[in-house]
Amino acid sequence: DESLAVTDRHLETLLKEVDFEQTLVVLASDHGQGLGTHGHHGHGSHLFEEAIHVPLVFAGKGIAAQRHQQVVQNVDIVPTVLNLLNLANAEAQWDGRSLVPAMLGGELAPQPIFSEALPDPNTNDHAWAMVHGQHKLIHDLKRQTQTLYQLSDDPQEKAGREPNSAQDQK
């Protein structure tokens with residue numbers, strides 16, 4: 001709580017000085033913090049929602065205040081910024097996609113979202129995750145396990161199971 005309060009105080013000081021008519025502000029994070037919910041403390045070593053569901057904020061001229069719940073990726077930041085600044089090149093290839101259609105009230109096409117927790121020097125944990133719709137699959141490379149979560153029914157990720165049915169393979 002103290003870290004968040006300090007961050008908020010400094011952001012408030014910074015943002016009071018920004019001319020939003022002339023400046024595009026992007027606030028992003030690469031990961032959240034494990035607070036013991038899944039036995040993890042610290043950051044970057046696991047892929048549960050508390051570590052990968054982080055804010056992404058765009059503020060500037062013509063951007064209305066709004067909140068979206070659709071899952072996106074940090075690779076979407078560059079194409080979005082280029083689109084917002086009218087610098088997008090139609091021939092450029094990006095791993096991400098522009099989020100401007102969602103900012104204008106549209107929907108983004110559903111797509112799989114990928115995350116990786118690189119090996120932690122203290123535990124040697126290494127994992128990949130994919131979120132698609134309300135399903136999340138975590139592949140633990142160290143333990144060679146896979147765990148499937150239904151996020152709409154289990155938002156706390158307490159009832160994961162090994163994927164094993166033909167339906168899980170789709």
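Trainee: Which residue takes a positive phi in the hairpin of β6 and β7?

Mentor: Gly133, with a phi near 65° in this predicted model. The hairpin has 2 residues between its strands.

Trainee: How do you know that β6 and β7 pair, and in what sense?

Mentor: Pairing needs at least two bridges between the strands. Residues 127–132 form β6, residues 135–140 form β7, and 6 bridges join them. The criterion is therefore met, and the sense is antiparallel. Within this pair, Met130 of β6 lies opposite Leu137 of β7.

Trainee: What makes β7 and β8 a pair?

Mentor: The cut-off is again at least two bridges, and β7 has 6 with β8, residues 145–150, so the two count as paired. They run antiparallel, and Lys136 faces Tyr149 in β8 across the pair. Their hairpin holds 4 residues between the strands, with Gln144 at a positive phi near 55°.

Trainee: How many bridges support the pairing of β5 with β6?

Mentor: There are 5, in the antiparallel sense. Against a requirement of at least two, β5 and β6 therefore pair. One of the bridges links Ala117 to Ala127 in β6.

Trainee: What is the strand order of the sheet?

Mentor: The order is β5-β6-β7-β8, an open sheet of 4 strands with antiparallel pairing.

Trainee: Why are β5 and β8 called edge strands?

Mentor: Each has a single partner strand, so one side of β5 (113–117) and one side of β8 have no neighbour in the sheet. From one strand to the next, the twist averages 15°.

Notes: Residues numbered from 1 in each chain as written. Predicted model: local features only at pLDDT ≥ 70, side-chain atom pairs only at ≥ 80, totals over all residues. Heavy atoms only, no water. Axes fitted to C-alpha atoms, helices over the stretch in contact; angles between N-to-C directions.
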